[in-house]
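Student: I would like to go through this structure with you and learn what the labels rest on. Could we take it one term at a time?

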Amino acid sequence: MQRNSILTAFTFEKAYFFSILLLLLQKFYSNTKVLMKKIMFSICCLMFPLMTFAQEEMSVGESINAAFEKYTTPIVETIMYPIVIAGKELPIVILILLLGALFFTLYFKGVNLRYFKDSIKTAWGKYDDLDHYVPAEEDIVVEDGKVKDTVKLTGEVQGEVTHFQALTASLSATVGLGNIAGVAVAIAIGGPGATVWMIIAGLLGMASKFVECTLGVKYREVDEQGKTYGGPMYYLSKGLNELKMIWLGKILAGFFAIMCIGASFGGGNMFQSNQASSQLIQMTGWDSPNAGLYLGIIMAVVIGLVIIGGIKRIGSFTEKVVPFMAIIYVLAGFIIIAINVDMVGFALGQIWDGAMDPNAAFGGVVGVMIVGFQRAAFSNEAGVGSAAIAHSAVKTRYPASEGLTASLGPFVDTVIICTMTAIVIIITNAKHNLFTYGNLDAASNVMLNETNEPINGVDLTSVAFDSAIPYFSIVLTIAVVLFAISTAISWSYYGLQSWKFLFGKGKVTDIVYKVLFLVFVIVGASSSLGAVIAFSDAMIFAMVFPNIIGLVLLSPKVRKELQAYLNAIKIGRMDATIDKDSKSTKKAS
């Protein structure tokens with residue numbers, strides 16, 4: 001193809017170099033009266049590199065993929081560097097996550113299970129009154145079913161969303177393709193026994209979520225309009241500052257923020273829109289070379305309408321969509337299990353035997369353990385730090401209250417949904433001989449026994465559900481699309497908070513990020529982005545290194561917050577209600 005435009009002199013890398021230069025120039029173009037001009041200028045900066053692709057012989061996706069692969073492969077290999085255990089490779093970052101989760105479980109004496117009932121009650125709002133009333137004396141007096149002598153706390157409770165909204169916003173970023181596709185691949189690779197290790201990793205991950213989300217609330221910032229800013233960027237910088245580790249805190253916080261922004265564009269955005277568009281095109285049979293582009297534009301509009309409203313609108317959206325999607329998916333799974341209740345014992349036996357005495361083809365116990373642990377880490381992201389950003393926006397006076405709420409995330413994501421998916425796949429595979437465990441191609445696609453065709457994790461789960469509930473693949477496709485959109489919406493908030501931490505909290509900063517995010521939705525839906533996704537996944541797990549260091553160092557702070565909340569909920573644990581007629585008041589500390 002002949003290229004006559006001056007733009008053709010630019011490669012992908014040069015185009016983005018000029019875009020960044022233009023955005024830096026915009027930094028000096030600061031006049032509040034020309035806000036709209038600045039917005040349009042930002043959009044032009046972001047679209048400029050995409051214009052160069054029209055002049056290139058390669059497609060947009062190929063150009064992006066080639067540029068990323070050239071520069072990022074060494075970074076990906078470093079972050080995902082494997083260590084060998086009993087002849088099996090395990091990325092060192094997964095080992096760090098698991099050791100961190102084990103440390104927090106022991107340090108907090110099983111906080112993930114000891115306070116499970118309190119976690120549910122907190123998420124449901126059972127203890128919300130404790131943000132407004134406290135007992136006047138240490139000895140609590142109950143008369144006629146009411147706690148007497150309470151003191152009303154004055155001052156507004158900071159935060160923007162409820163415990164439940166924060167939990168669903170966080171879950172919307174983890175519940176989805178990891179549960180639907182990842183579990184199927186894990187079982188295909190490691191056999192049914194991988195399920196046991198996924199469950200164990202999920203239970204341990206609850207402790208990591210508790211610690212990071214408690215710190216997220218403790219060290220958050222609230223502006224004059226009541227908007228919250230929190231997450232690892234803040235507790236690493238402010239928390240380590242309290243420990244006289246100022247420079248370490250700044251370095252770790254900055255590194256985390258950069259990785260989080262990159263992850264929000266890649267794994268939290270492009271991968272999601274790519275998978276959603278692929279599933280819709282496959283379901284509808286839309287035969288057009290621009291189908292992905294059109295679907296990407298539609299998704300960008302939908303996502304844009306939600307993220308413009310900030311965390312309040314995101315919380316309002318996810319508290320409706322995530323439970324709805326999860327209920328449909330889990331209900332379908334339980335229907336299949338109920339229909340085949342006589343095979344549940346067989347499935348559980350396969351899971352246990354596969355974990356304790358696996359086939360040598362799966363690498364023995366260690367091989368199966370590694371597959372299960374790795375899939376759980378990819379699924380619930382406990383210890384990554386991303387969830388702390390969403391949970392930091394909760395309305396509460398007690399940071400540990402949100403830590404306990406957040407600990408439910410890995411339980412729902414990994415212990416319930418992943419386990420249900422595993423049982424369904426094991427049962428349907430036993431009945432219909434869909435595939436042979438361990439029979440995969442070089443790209444980790446599962447080979448179907450009947451046709452010997454390779455299929456990915458989503459399609460394998462779809463085949464398994466379809467074999468028991470005809471046409472459920474249509475419902476599953478819709479669920480995948482909604483899961484993908486809700487994941488992108490939550491990651492847009494994570495990336496935006498990190499963006500603001502680095503570049504400030506102005507309106508233009510906000511708009512530039514959101515426009516850039518929506519552009520990547522379209523690029524992801526219309527492209528094949530193998531190297532980009534590998535890099536973005538690596539950035540998600542790169543967030544682990546600074547986060548786990550900070551969590552370990554700040555654990556004593558979390559212990560104090562937990563004790564403060566346990567003292568407060570003594571009232572809530574009683575079979576009594578708070579007397580709200582108290583005339584005594586005091587300013588909340």
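Student: Where does K244 lie?

Tutor: K244 lies in the loop between α10 (232–242) and α11 (246–284). Helices here are DSSP runs of H or I with at least four residues, strands are runs of E with at least two, and both are numbered from the N terminus. Keep in mind that this is a predicted model: local features need pLDDT of at least 70, side-chain atom pairs count only at pLDDT 80 or more, and totals for chains, interfaces and linings use all residues. Residues are numbered from 1 along each chain as its sequence is written, and side-chain values use heavy atoms, with hydrogens and water left out.

Student: Why is K244 called exposed?

Tutor: The label depends on relative accessible area: buried means under 20%, exposed over 50%, and partly exposed in between, with a 1.4 Å probe and protein chains only. K244 has 74%, so it counts as exposed. Its phi is near 65°, a positive value in a residue other than glycine.

Student: Which other lysine has a positive phi, and is it buried or exposed?

Tutor: K109, with a phi near 55°. This lysine sits in the loop between α4 and α5 (111–114). Its relative accessibility is 61%, so K109 is exposed too.

Student: What makes α10, the helix just before K244, a largely enclosed one?

Tutor: Count its buried residues: 8 of the 11 are buried, so α10 is largely enclosed by the rest of the structure. The buried residues are P232, M233, Y234, Y235, L236, S237, G239 and L240.

Student: And how do you know that α17 is mostly covered?

Tutor: In α17 (residues 399–406), 8 of the 8 residues are buried. Among them are the charged-type E402 and also S401 and T405.

Student: Why is S264 called buried, and what does it touch?

Tutor: S264 lies in helix α11. Its relative accessible area is 0%, so S264 is buried. Contact means heavy atoms within 4.5 Å. Not counting residues up to four places away in sequence, S264 touches N269, W491, G495, Y513 and F517.

Student: What makes the approach of S264 to I261 a polar contact?

Tutor: A polar contact is a pair of N or O atoms within 3.5 Å; within protein, one must be able to donate a hydrogen and the other to accept it, and residues adjacent in sequence count only if both atoms are side-chain atoms. The side chain of S264 reaches the backbone oxygen of I261 at 2.7 Å, so the distance passes the cut-off.

Student: How do you know that S208 is buried, and which residues is it in contact with?

Tutor: S208, in helix α9, has 0% relative accessibility, so it counts as buried. Leaving aside neighbours within four places in sequence, S208 is in contact with G100, A101, F104, A382, G383 and L551.

Student: What makes a space a cavity, and how many does the structure hold?

Tutor: Rolling a probe the size of a water molecule over the atoms shows where empty space is left. On a 1 Å grid over the protein atoms alone, a cavity is a set of points where a 1.4 Å probe fits but cannot get out, and lining residues have an atom within 4 Å of a point. Grid points are joined across faces, edges and corners, and a volume is the space filled by probe spheres set on the points. The structure holds 4 cavities of 30 Å³ or more, and about 80 Å³ lies in the largest.

Student: Which residues line the largest cavity, and which element gives the most?

Tutor: The lining is L97, L98, A101, A201, G205, F373, A376, A377, N380 and A382. Two or more residues come from each of α4 (92–107), α9 (194–218) and α15 (364–380), and α15 gives the most, with 4 residues.

Student: How is that lining divided by class?

Tutor: It has 8 nonpolar, 2 polar and no charged residues. Ala, Val, Leu, Ile, Met, Phe, Trp, Tyr, Cys and Pro count as nonpolar, Asp, Glu, Lys and Arg as charged, and the others, Gly among them, as polar.

Student: Why is L90 called buried?

Tutor: L90, in strand β2 (residues 88–91), has a relative accessible area of 4%, so it is buried. L90 and F373 are 283 residues apart in sequence and 9.5 Å apart in space, C-alpha to C-alpha.

Definitions and conventions. On a 1 Å grid over the protein atoms alone, a cavity is a set of points where a 1.4 Å probe fits but cannot get out, and a pocket is an open set with protein on both sides within 12 Å along at least five of seven lines; lining residues have an atom within 4 Å of a point.
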